[in-house]
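Visitor: I would like a close look at one part of this protein. Please take a single helix, go through it slowly, and then set it in its surroundings.

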Amino acid sequence: MNMKLSQKLRFPTAGIVGISLLIICIISLYIRIALPYEQVFVNGTVWFKGTDAWYHMRLVDNLLHHFPHRISFDPYICYPYGAMVSWPPFFDWFIASLSWLIGLGSPSQHTIDIVGAYTPSILGTMTIIPVYFIGKELFNRWVGTIAAALIAILPGEFLNRSLLGFTDHHVAESLLTTVSMLFLILAYKKARERNLSFNHLLNKNWAVITKPLLYTSLAGIFLGIYLLTWIGGLLFVFTISACLLLQFIVDHLRHKSTDYLCIIGSSFFLIAFIISSPYLSKDGLNTSNNIPLFIAIAAPLILSSIANFMSNRTIKPVYYVPTIFGLAGISLAIFHAINPSLLHSMLSKFGIFAPSGASLTILEAHPLLFPFGHFTLQIAWLNFTTAFFISFISLGCLIHHDIKAESADKTFFLIWSIIMLLAVLGQRRFSYYYAINASLLTGYFSWRILESAGLQKLLTKPKQTLGSHIIKKKRREKKKIQTRQKSFLHPRVTWIKVIGAGVAIFFLIIFPNIGLPGIKPHTKVCGLPIKLTQPIALQQNIIDESWYSSLLWLKENTPEPFQNPNSYYELYKAPLPGEHYKYPESAYAVMSWWDYSHWIIRISHRIPNSSAAGQINAAEAGRFFTAQNETSANQIADKMRSQYIIIDHAMPTTKFYAMPRWAGSSEDEFFGTYYRQNEAGKLESVTLFYPAYYRSTVTRLYNFDGQAVEPKNSTLVVFYKEHLVQEGVSYREIVSSSFFPSYKEAEIYISKQESGNYRIVGTDQFISPVPLEKMMHYKLVYASPQKWHGKAAVKIFEYSQ
């Protein structure tokens, strides 16, 4: 009776998991919505996070005036040519559709903004569900639950990009790839369990083919939607193709049929192509996508044909690998001979694994472990905490397990995880991809700990009541006592072990992600001092009152570039190939750094010169802001038809290093890091600024309002020595320094020195050691009331010829 009662009172495992997932989702929504709420909803307006979110909302604004047609060309992206909209349309369609439904066909601007603000938080929370099911299908429901809990609270790029107001397509990428992978794993599991073959298709054996093809279709649909969400979606196509290639090789070497891989793989990519190709072709975005997709569709057919041919001819399986790689090499050579530029364009997409050049000035493009050119684990920790390190252990365990188990679904998971790991090591932005894998790998690691503590035994053999073990009255008293001790004490010891393991897992995996403290060290980025007030992994361009009010002023106090304010909502016609968009005579542009272009478009309805959409004209903007005289700056302003210049405090300080890089020079021409002995006799670093820095346009306008400057006893000359640390690595130590009454006297002094290690420098960015002339063509027309170290945080200048 007691045993039956205990069984009735035992809560179903599925119910426990369901309640756990519900709680996890509630926590996720609280973190993503409640915590940043006041930063997004400000004074009755919506302040989106980041940069690209503002342009997505600009596209949604326009889309709802022509629903469901979205612009493919936008003259507001940048002047003087405009640009094609490179982002695929699905994310904008999604927000516009929700807004249209909620607004009953005529949503207000406030409704549109609210829908856009909540979208990333909802999508981020929805990602928890497929993460759980992947863990459940690959391992068990407890792995899925732990992984779901971790992805809900994991800090860094995934959390950052799923916060309220971060209305960018990145969180949709994570959700769609995770769902697609879930259905693909299910498809391969069912296909392998049922030994799916071409004969089953030919004989229409629906009992065998229905579920694998259903899951394949769903996986392909979500891949197609993903390709309509991010222009770089071929990353996932490459990932799945790599998974297929490895499994083809493994199965053939083990004398197993590869029919199921061919059926699932080719169908998967074909469905994705059918869904995505028409829309991308219409928007002109498919040039570099179609051929890789064709290859992905054909590859499983070719690999399967080769495998079947070799099996039928009893050719040794060991020749399979050199055969397919030999054919691949020949195909690449033929492709290169026919169209080398297209091949180069396709191969250049692998540059995401090793960014270089000016792209490294983009924070999210930094390598995870070498963010500023030197090794550090800080960014990895702030993105994943302990999950980053645990994932390596889990990968090793799974590789060892997969070799023995011959599990296709786990092979797919392994290759997926390894490629995402390589991607995130190349660019930290892909942390929002690898967060999924890290959570699942950490969930697997946690389960292995719990399993070793005895949880599996408790789950598979529930504890029975004490009386159920004593069923024979004639047993000796000694045996009764031994039986009681064994049945009573053993489960209790096991539970103690499991609880101890659970506590250890909590402090190892969950606790480091709870209330991740802000770090406030004084550090330097490319030689310029900055102060970090929050985890680096969560930093982003967040608009503030100074920028918002300045851009509203720009909208209300400057002429309409298209004369008609409604031009912002027009459905623009793209220029013909080889031609440029024809702006009206009234059109003009706003010169600022490309980081701020989308703010300018969406808030001011004005046209920036450089754009965050592909960093268009970033080089021109870099040359303008680092120009060493007004004549050079004017020539660029005339060419770009720049009528207004907007500069904030970051441009001549923390963002300055990026400008010379984009301009084709180096920040070393403008400032450098030196070392000097402090009072304790230890070397400390100091950033010194060269005359070129003070002569740059951005410095003259923001730091000195374009006014004339005559230094008074502020011209410093330093003498330094170069010390070689190792080959190719050296540092400069200041030996002596002297102030001079004027810049000219300092120049005369240096000219008389035999050594070339004398330089005129400044120690303060706002005190020039060199004389500066007044900039005659630039007038300060607005200074934000919000201050930065006593200066207006944002300044707007009007340029006149």
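Guide: What follows starts with one helix and then moves outward to other parts of the chain.

This is a predicted model. Its mean pLDDT is 88, and 89% of the residues reach 70 or more. The protein has 801 residues, and buried residues make up 52% of them. Its secondary structure comes to 31 helices and 17 strands.

The part to look at is helix 25, residues 597–604. Is this helix enclosed by the rest of the structure, or open? It is largely enclosed, because eight of its eight residues are buried. Read along the helix: Ser597, His598, Trp599 and Ile600 are buried. Ile601, Arg602, Ile603 and Ser604 are buried too. The list holds nonpolar names such as Trp599, and it also holds Arg602. Buried here means under 20% relative accessible area.

What covers these buried residues? The cover includes three helices: helix 4 (52–63), helix 6 (109–126) and helix 24 (545–557). It also includes strand 7 (589–591) and strand 8 (642–648). Just after helix 25 comes His605, with a positive phi of about 55°.

Go on along the chain to helix 26, residues 618–625. Here the interest is in charged side chains. Side chains of opposite charge can pair when their charged atoms come close. Glu620 forms a salt bridge with Arg623, with the closest N and O atoms 3.0 Å apart. Both sit in helix 26, three residues apart, so about one helical turn separates them. Glu620 also forms a salt bridge with Lys639, and there the closest N and O atoms are 3.3 Å apart. Lys639 lies in helix 27 (residues 630–640), so this pair ties together parts that are 19 residues apart in sequence.

Are these three side chains buried or exposed? Glu620 counts as buried, at 13% relative accessibility. Arg623 is partly exposed, with a relative accessible area of 35%. Lys639 is exposed, at 55%.

The count for the protein comes to 20 salt bridges. Another of them joins Arg429 and Glu364, at 3.9 Å from N to O. This pair links distant parts of the chain, 65 residues apart. Arg429 is in the loop between helix 20 (408–426) and helix 21 (431–453). Glu364 is in the loop between helix 17 (340–348) and helix 18 (378–384). Arg429 counts as buried, at 11% relative accessibility. Glu364 is partly exposed, with a relative accessible area of 27%. Both residues belong to a network of salt bridges that also links Glu157, Arg161 and Arg428.

Now to the strands. Strand 11 (residues 715–726) pairs with strand 12 (residues 729–740) in the antiparallel sense, over eleven bridges. Gln726 stands opposite Val729 in strand 12. The two strands form a hairpin with two residues between them. Gly728, in the turn, has a positive phi of about 85°. Strand 11 has another antiparallel partner, strand 13 (residues 758–761), over four bridges. There Phe719 has Tyr758 as its bridge partner.

Next, the surface. The protein exposes about 36500 Å², and carbon and sulfur atoms supply 60% of that area. One nonpolar surface patch covers about 680 Å². Trp495, Ile499, Val503, Phe506, Phe507, Phe511 and Ile514 make this patch. Phe506 lies in helix 23 (residues 477–510). Its relative accessible area is 35%, so Phe506 is partly exposed.

One caution concerns confidence. Over residues 461–474 the pLDDT stays under 50, and the model has 15 contacts for them beyond four places in sequence. Over residues 484–489 the pLDDT is also below 50, with eight contacts beyond near neighbours in sequence. Where pLDDT is low, the predicted coordinates should not be read in detail.

Last, the contacts of the protein as a whole. Among contacts between residues at least 6 apart in sequence, 73% join residues at least 24 apart. Back at the starting point, helix 25 is largely enclosed by the rest of the structure, with strand 8 and helix 4 among the elements that cover its buried residues.

Note on methods:
Residues numbered from 1 in each chain as written. Predicted model: local features only at pLDDT ≥ 70, side-chain atom pairs only at ≥ 80, totals over all residues. Heavy atoms only, no water. pLDDT = per-residue confidence, 0-100. Contact = heavy atoms within 4.5 Å. Buried < 20%, exposed > 50% of the residue type's maximum accessible area, 1.4 Å probe, protein only. Pairing = 2+ DSSP bridges. Patch = residues over 30% accessible without salt bridge, like charges linked within 9 Å, V, L, I, M, F, W, Y side chains within 5 Å. Areas by Shrake-Rupley, 256 points an atom, 1.4 Å probe, with all protein chains shown as cover. Salt bridge = Lys/Arg side-chain N within 4 Å of Asp/Glu carboxyl O.
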